[in-house]
Amino acid sequence: MEYINAIGRRKSAVARVYLSKEGTGKITINKKDLNEYFPSAILQYVVKQPLNLLGVAESYDIKANLDGGGFTGQSQALRLAIARALVKINAEDKKNLKDHGFLTRDSRAVERKKPGQPKARRRFQFSKR
């Protein structure tokens with residue numbers, strides 16, 4: 001069985017995806033089933049968006065390694081990795097996935113805390129007197 005691998009990142013989450021060319025639609029994340037790893041239906045929907053868009057949700061088996069970040073960042077990193085793997089399999093799907101924003105790396109991350117301030121942008125209360 002041949003595997004296509006791709007990587008996706010979001011915030012501090014990293015997803016490595018191994019997509020088999022033929023399968024039954026099983027998604028395994030860190031050796032757990034998708035429903036077990038992401039109990040929320042919204043996060044499951046986010047992960048499956050590129051597959052549902054192309055109508056190939058039952059055509060491939062996906063094994064993923066997720067590391068870092070929280071559950072939202074991990075689910076979005078996984079979505080990007082799956083979309084990139086699908087483009088490697090069939091380059092004609094690229095325009096459709098790109099139009100829906102699944103191939104765009106969301107580079108927003110937490111801004112660092114600055115010295116002399118309580119948070120990144122928040123300053124201590126100013127007292128005139």
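In the predicted model, the hairpin formed by S1 and S2 has two residues between its strands, and within this hairpin Lys 11 adopts a positive phi near 50°. The two strands, S1 (residues 3-10) and S2 (residues 13-20), pair in the antiparallel sense over eight bridges, and in this arrangement Gly 8 is placed opposite Ala 15 of S2.

In a regular strand the side chains alternate between the two faces of the sheet. Such an alternation is found along S1, where Ile 4, Ala 6, Gly 8 and Arg 10 are buried and point to one face, whereas Tyr 3, Asn 5, Ile 7 and Arg 9 point to the other face and are not buried. Arg 10, which belongs to S1, has a relative accessibility of 8% and is therefore counted as buried, the cut-off being under 20%. The side chain of Arg 10 reaches the backbone oxygen of Arg 108 at 3.0 Å. When neighbours within four places in sequence are left aside, the contacts of Arg 10 comprise Gly 73, Gln 76, Ala 77, Arg 105, Asp 106 and Arg 108.

A second buried polar residue, Gln 74, is located in helix H3; because its relative accessible area is 8%, Gln 74 is classed as buried. Its side chain makes a polar contact of 2.9 Å with the side chain of Tyr 37. Residues up to four places away in sequence not being counted, Gln 74 touches Ala 13, Tyr 37, Phe 38, Leu 66, Asp 67, Gly 68 and Gly 69.

Helix H2 (residues 41-54) contains 14 residues, which at 1.5 Å a residue should span 20 Å, and the C-alpha atoms at its ends are 20 Å apart, in agreement with that expectation. H2 nevertheless bends by about 55° at Lys 48, with a proline, Pro 50, following within four residues. At the N-terminal end, H2 is capped by Ser 40, a side-chain oxygen of which lies 3.3 Å from the backbone nitrogen of Ile 42; just after the helix, Gly 55 takes a positive phi of about 70°.

The buried residues of H2 are Leu 43, Gln 44, Val 46, Val 47, Gln 49, Pro 50, Leu 51 and Leu 54. An α-helix has 3.6 residues a turn, so residues three or four places apart point the same way. The buried residues of H2 pack against the strands S3 (27-29) and S5 (62-67), and also against the helices H1 (34-37), H3 (71-89) and H4 (94-99).

How values were computed. Residues numbered from 1 in each chain as written. Predicted model: local features only at pLDDT ≥ 70, side-chain atom pairs only at ≥ 80, totals over all residues. Heavy atoms only, no water. Buried < 20%, exposed > 50% of the residue type's maximum accessible area, 1.4 Å probe, protein only. Polar contact = N/O pair within 3.5 Å; in protein donor to acceptor, adjacent residues only side chain to side chain. Contact = heavy atoms within 4.5 Å. Pairing = 2+ DSSP bridges. Expected span 1.5 Å × (residues − 1). Bend = angle between axes of the 7 residues up to and from the residue.
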